[in-house]
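Colleague: Please give me a close look at a single part of this model, and then set it in the context of the elements elsewhere in the chain. Which side of the part is turned inwards, and which outwards?

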Amino acid sequence: MSSGRVYLDYNATAPPDPEVIARIRPYMEADFGNPSSLHREGQRARAAINGARAGLARILHCQENEILFTSGATEALNHVFLGFLQQPAGHLITTQIEHLAVLEPCRFLEKSGWSVTYLPVDGDGLVSPAAVRQAVRPDTRLISCMHANNETGTVQPVREIGEIARAAGIPFLTDAVQSFGKISVDLAAWNASFAVFSAHKIGGLKGTGLLYVRRDRDLTSLIRGGHQERGGRGGTENVAGIVAMAEAARLAEARRAGEAARLKTLRDTLEAGILKQLTGARVTAGGAERLPNTLHVVWEHLDSEKLLMGFDLAGIAISNGSACDSGSVEPSHVVAALGLPDSYRKGAVRFSLGRGTTAEEIDRALTETIRIVRHLQKERVHAGPVKHAGN
Ligand SMILES: Cc1ncc(COP(=O)(O)O)c(C=O)c1O
């Protein structure tokens, strides 16, 4: 990366791809029209959206009218959950490790009389299909489980969960924000009724997302005020954002196999170096299926805020998981769900690699990790156990 910084926070957001930026330039200059306008400028913008929708439908193996463009995955998830408010209250199944864009709408629904089961995970952050099956009730209206977790990278058994939903005749929602472009996404094999995607995680722009609604399902519009998206979402379309999402998805899919192998090798090098050279580190989901770009480590007796500060000062951008949770000293809800011994709960950090990550950057990240962790471990020993009691 230029500027001497090393960016290893691709699960938070990826830099827009230069090819994507080149592709959308016309829609911010000559082809600026409103897609709802009948004149030529408007029709050019309309054609751009149609082309983007067709491209994304090809990649997702779905029909064009199953795609609804939104302002991001958060809106898309809210759309699904709040769409359920139109029905009499019932029961929903989700997991403790979903993004807040799932958990908060669920909590909101609970206030309106809905009952929600939040399924636990094991130490690898994995949801058990048997637990999903056991949680099903006659009044269950939705099963929701993310494909890959943003913090740990754990890939969930969505095929099995989708099969349970199919057998019980219950709609299945999956949040594929983190897996899309990194590993295979197969909506038909998972029996997904709804799925959500976000552009900025794959080299598109922030503020664009996609809600897949299978043709046999229907959702009440959340945003009213226009007939855009076949009446499914009011508001003038974000033409450049939509074109960017389609182009970013096309590039990500074309590069996926090569990038997955390359990033896994780099990730594994970093992981092996950490485990060899440092003490007190536990890799989350090391034995489970996980995203090839993600390394989640918890350190015994260390504090992730101090770790992150050390990395930032050293020119390396990493995270302790969810960007929304940063600034808080408590472990994220995902780390809390892992059932770690108390001494590990505050020491989580996530390295997430991407398109721009190089072997030199990983070397530098390893060198700095060793230096920062050893320094904090020494500092802790010198401070003595009393000051840190209760950690
Ligand atoms: C798993 C997951 N779901 C949903 C979202 C929300 O996506 P957006 O930023 O498009 O609203 C994110 C982004 O942080 C995410 O990682």
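**Helix α6 and its surroundings**

Modeller: On the face of α6 turned away from its buried side lie the exposed residues R159 and A167. Please bear in mind that this is a predicted model. The helix spans residues 158–168, and its buried residues are V158, I161, G162, I164 and A165. These five span an arc of only 155° around the axis, which places them on the same side of α6. A general rule helps in reading such a pattern: an α-helix has 3.6 residues a turn, so residues three or four places apart point the same way. Helix α6 therefore has a buried side made up of residues on one side of its axis, with R159 and A167 exposed on the face turned away from it.

Burial can also be followed in a strand. In β3, which covers residues 91–95, four of the five residues are buried, so the strand is largely enclosed by the rest of the structure. From β3 the chain passes through helix α4 (residues 100–111) to β4, a β-α-β crossover that is right-handed. The two strands pair in the parallel sense over five bridges, β4 comprising residues 115–119. Within this pairing, T94 is placed opposite Y118 of β4. Strand β3 also pairs with β5 (residues 140–144), again in the parallel sense, over three bridges. Here H91 faces T140 of β5.

An antiparallel arrangement is found in another sheet. Its three strands follow the order β9-β10-β12, and the sheet is open. Strands β9 (281–283) and β12 (348–352) are its edges, each pairing on one side only. Direction ignored, neighbouring strands in this sheet are turned by 25° against each other on average. Strand β10, residues 294–299, is joined to β12 by five bridges, and the two run antiparallel. One opposed pair is L295 with F351 of β12.

The ligand shell completes the account. The residues around the ligand include G72, A73 and T74, then H99 and A101, as well as M146 and N150. Also around the ligand are D175, V177, Q178, S198 and G209. By character, the shell comprises four nonpolar residues, seven polar ones and one charged residue. A101 of this shell falls within the residue range of α4, the helix through which the chain crosses from β3 to β4.

Conventions: Residues numbered from 1 in each chain as written. Predicted model: local features only at pLDDT ≥ 70, side-chain atom pairs only at ≥ 80, totals over all residues. Near = placed C-beta within 6 Å. Nonpolar A, V, L, I, M, F, W, Y, C, P; charged D, E, K, R; others polar. Buried ≥ 20, exposed ≤ 12 C-beta atoms within 10 Å, placed from the backbone. Pairing = 2+ DSSP bridges. Right-handed = clockwise from strand over helix to strand, strands pointing away. Axes fitted to C-alpha atoms, helices over the stretch in contact; angles between N-to-C directions. Arc of directions from axis to C-beta.
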